[in-house]
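Trainee: Could we go through this one together? I'd like to practise reading charged side chains.

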Amino acid sequence: MPRAVESVAFQDYENIELIIVDDGSDSEQLIVINEQLSVNRGVDVKFLRIDHAGKPVAVNRGFKEATGDYLIILDADDLLPANSISIRLKALEADDADLCLGSFLTMYRGRTKGYRGISKISGKKYYALSRALLTRVVSPFHQNAMMFSRQLLNRAGQMDPRMIRGQDKDFALRLLQKSHKTTFVDETVYFYNRYHRPRKVRLYNRFLGTKFLVVIACRYFKGFNRLIYLAWIAFIGSAKMVYDVFGVYKK
């Protein structure tokens, strides 16, 4: 988390409100974080500690405490490039949009593993984006590469605390669905860090992920389209579980 905080503190956009919601970190890490906050270059920081209840609860608490007109989410493992906020905000204002979606890099042990460019998704409408999010083997865009207005958040609703996995996709689909206008930045706005997990943990997470993708498909699609999505999710989920047994998938 200290590096994540630092990446916010050194943004080239200065009018930033940083809400840190800690839901169970150890005390040693908290000391490091507090030391990092002392060099935040004037960023308005609010630090909250809550009982561990999962990501949706922590994110929703951050939404509640935030006072700004536009919001983003940053996970403790990840980083923002220096222009991440300014470039997304500029795109929103230029296009009079309420949702911005940018490109991102995947990282592993400090090295770049892949670039996910938003321009590679053909037909950037709600249906095309939702289809890509649910059906591609690797996620075509990262939900944290979004920036959205408070008005859009109010229309779409917060993260669903009942979603143990897949909450990011569910939240992103609602933002896309309720957006009056979405704009895109074909430039890296987010660094997503992958890391190794034991096979048992990977398999358990894969099972939960597939289960909640089924929930998402049932929420947003009907009739024949729903059947197609469900069949595809089951196939991809099974294939990934097989890969997790024999491969080296990271998160």
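Mentor: Sure! One definition before we start: buried means under 20% relative accessible area, exposed means over 50%, and partly exposed is in between. Keep in mind that this is a predicted model.

Trainee: Okay, so is Arg155 buried, partly exposed or exposed?

Mentor: Look at its relative accessibility, which is 32%. Partly exposed covers the range between under 20% and over 50%. So Arg155 counts as partly exposed.

Trainee: Which side chain does Arg155 meet in a salt bridge?

Mentor: Side chains of opposite charge can pair when their charged atoms come close. Here the N to O distance is 2.6 Å, and a salt bridge needs the two atoms within 4 Å. Arg155 sits in helix α6, and its partner is in the loop between α4 and β4, 57 residues apart. That partner is Asp98.

Trainee: Lys55 and Asp168 meet in a salt bridge too. How many residues apart in sequence are the parts this pair ties together?

Mentor: Their side chains meet at 3.0 Å, N to O. Lys55 lies in helix α3 and Asp168 in helix α7, so the pair ties together parts whose separation in sequence is 113 residues.

Trainee: Arg116 is buried yet has no salt bridge. Which residue's backbone oxygen does its side chain reach?

Mentor: The nearest side chain of opposite charge, Asp78, is 12 Å away, and a salt bridge needs atoms within 4 Å, so that pair doesn't qualify. Instead, look at the backbone: the side chain of Arg116 reaches an oxygen there at 2.5 Å. That oxygen belongs to Ser139.

Terms used:
Residues are numbered from 1 along each chain as its sequence is written. This is a predicted model: local features need pLDDT of at least 70, side-chain atom pairs count only at pLDDT 80 or more; totals for chains, interfaces and linings use all residues. Side-chain values use heavy atoms; hydrogens and water are left out. Buried means under 20% relative accessible area, exposed over 50%, partly exposed in between (1.4 Å probe, protein chains only). Lys and Arg count as positive and Asp and Glu as negative; His and the chain ends are not counted. A polar contact is a pair of N or O atoms within 3.5 Å; within protein, one must be able to donate a hydrogen and the other to accept it, and residues adjacent in sequence count only if both atoms are side-chain atoms. Helices (H or I, at least four residues) and strands (E, at least two) are DSSP runs, numbered from the N terminus.
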